[in-house]
Amino acid sequence: MKKSLLLCTLLLLSLAIFAQNTLQTSGINEAQFIYRTAPDSLNAYFRDSFAFNMSYRNLSFGLKFIAELPKYSVNQDELIDELAEEQLSLGWKELYLRFNRDNLMLQAGTMSETFGSGLLFRSWEDIEFDEDHRLQGLLVSYDNKLKVKALYGALANPQKDSAWDLAYGTDFYYPLTRKLNLGASALAMRTRNQSGSYNQRDVFGVRTGYSAELLEANLEYAYSKYYGLDAGLSSSEGSAIYGSITANLYPVQIGVAGKSYDQFSYRLQDLPMANYHSEPLLDTSSGLDEIGLQGWLNWNVVENLSWNLDYAEAWNSDRDIFMNDLHSSLDFSTGAVLLGAEYSHIEKHNEIERTWNKELTPALNASFPAWGRTLSLKAEHKYLRKQKMATIDGIYQPDYQSHWEPHLQADYSLGKFAFSASATSHWADMGELSNSRYWTNLEIKYNAFSHTDLTLFVGKEAGGKVCRNGVCRYVAPFEGLKLDLSTRF
């Protein structure tokens, strides 16, 4: 009740001040209806997010109303047997107040922020996978030749929604010369453990960057100390090193990158993986014990032809866990016609758990005029093979499994409509097409007005990285219908 009264008072006060002069308003409303094909008692989900902000001179104010009726879980195993009151949620949930003047910015409320590359600190939200790592607190920044950020905030504990974790820190950035810069960061986190007490992590880091016409280089180092081992860390101290160098030798660009992470893993960070596909050494975690090297080459062979090659390897300190990552592509363009071929290879080997998996993906893509518009086609034929230990006929031994995942996709735009249709299959054997599983889907996007888009998705998709009509993002597995209405003002 007190929170609602405070919000209403702040809103009315802001409106009273803004009404005396010209003010600027903007916002967006995103409504989504989901019908999921699953053994679920409800099947239907609705979410609406109405966000707006108002600005007057140096002051801006933003608020968001969120209704989840009920809250949709991206985990297909979390089904609703009976509707419970905690699954229904609505109200004003996000608020910020910002002041800007003379290179100084003050913000209170919900914030997303990054220090440097994000290796030491990053807070963000991913709606698709239902991850919210944003802070609720205060941010102060000074943006001149010397750039300074300082923040103090809280975020919900992942094990207990009613409990809060704390994070506070500062970041400095200064250009020593026109080409050379230096940065430093410090962060402290207090996280609630299962016993109800709070552990603490202190993190310190420095970074430097060099940027010139022919050469770009970056190097970052961070050190952390963890007080309390309830999170299962094997050491109370950790460190991280990441660096990259790119040489622009037209028509060739070459680069290398390296990483070394030791017990450096926590919630508010975004570690560079030093490989093309941003794959961690272990699928279950990253940053605990990880060393890697990456090299890449981009070559404009002739005016209309380019070749890209990227290869990386990673391993742990005992060298009993290993992975490699390869990607190569060849692109040709002439006029409105674009042709491309690419190949991806990811392999992981774990001698400790005696597991191994390999993923090979050749692909072809083409874009060309058709019926007065542009038609884009893509074909992939992924092959996956893995080994894990299992009990077979009473004997604990390696179990080998493999399958194919062919994928076809077509994108086409017609006036205010944009169509994207795709089909993916799962073949245990190349000759068993009738016994295979299939995922087919269709997405139609309609630009109703200059400020309003309506998107309809029907079908089934396995999840992962999805690219439709030039926009790529990672999505969760889904089967059913989604209807999205987005309006900007």
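Helices (H or I, at least four residues) and strands (E, at least two) are DSSP runs here, numbered from the N terminus. With that in hand, strand β26 (residues 437-449) is where you will find Asn441. Before going further, keep in mind that this is a predicted model: local features need pLDDT of at least 70, side-chain atom pairs count only at pLDDT 80 or more, and totals for chains, interfaces and linings use all residues. Residues are numbered from 1 along each chain as its sequence is written, and side-chain values use heavy atoms, with hydrogens and water left out.

**How confident is the model?**

The score to look at is pLDDT, the predictor's confidence in each residue, from 0 to 100. The chain averages 89, and 93% of the residues score at least 70. Among the elements of the chain, strand β19 (residues 305-315) has the highest mean pLDDT, at 98, and helix α1 (residues 2-18) has the lowest, at 49. Over residues 16-20 the pLDDT is below 50, and beyond near neighbours in sequence this stretch has three contacts in the model. A contact means heavy atoms within 4.5 Å.

**Around Asn441**

Back to Asn441 in strand β26. Its relative accessible area is 9%, so Asn441 is buried. For the labels used from here on, buried means under 20% relative accessible area, exposed means over 50%, and partly exposed is in between (1.4 Å probe, protein chains only).

What does the side chain of Asn441 make a polar contact with? One partner is the side chain of Ser422, at 2.8 Å. The backbone oxygen of Lys460 also comes in, 3.1 Å from a polar atom of the Asn441 side chain. A polar contact is a pair of N or O atoms within 3.5 Å; within protein, one must be able to donate a hydrogen and the other to accept it, and residues adjacent in sequence count only if both atoms are side-chain atoms. Leaving aside neighbours within four places in sequence, the residues in contact with Asn441 include Ser420, Ala421, Phe457, Val458 and Arg468.

**Backbone oddities**

Most residues other than glycine have a negative phi, and most peptide bonds are trans. Here are some spots that go the other way. A cis peptide bond joins Leu69 and Pro70, with omega at about -10°; Pro70 is found in the loop between β3 (59-68) and β4 (89-101). Another cis bond joins Tyr250 and Pro251, with omega at about 10°, and Pro251 is found in the loop between β16 (237-249) and β17 (252-262).

Then there is phi. Asp102 is not a glycine, yet its phi is positive, near 50°. Asp102 lies in the loop between β4 and β5 (104-111). Ala274 has a positive phi too, of about 55°, and its place is in the loop between β17 and β18 (289-302). Are these two residues buried or exposed? Asp102 counts as exposed, at 63% relative accessibility, whereas Ala274 is buried, at 5%.

**Salt bridges**

How many salt bridges does a search of the whole structure find? It finds 20. The test is a side-chain nitrogen of Lys or Arg within 4 Å of a carboxyl oxygen of Asp or Glu. Among them are these pairs:

| Pair | Closest N to O distance |
|---|---|
| Lys71 and Glu68 | 3.5 Å |
| Asp102 and Arg101 | 3.9 Å |
| Lys378 and Glu380 | 3.3 Å |

In the pair of Lys71 and Glu68, Lys71 is partly exposed, with a relative accessible area of 38%, whereas Glu68 is buried, at 11%. Lys378 counts as partly exposed, at 28% relative accessibility, and so does Glu380, at 21%. Some of the charged residues go beyond pairs: Lys64, Glu94, Glu125, Asp132 and Arg134 are linked in a network of salt bridges.

**The disulfide**

A disulfide is a covalent bond between the sulfur atoms of two cysteines. In this model the criterion is a pair of cysteine sulfur atoms within 2.5 Å, and a search of the whole structure finds one. Which cysteines form the disulfide? They are Cys467 and Cys472, with their sulfur atoms 2.0 Å apart. The link is right-handed, with 110° about the S-S bond. Cys467 is partly exposed, with a relative accessible area of 28%, and Cys472 counts as partly exposed at 44%.
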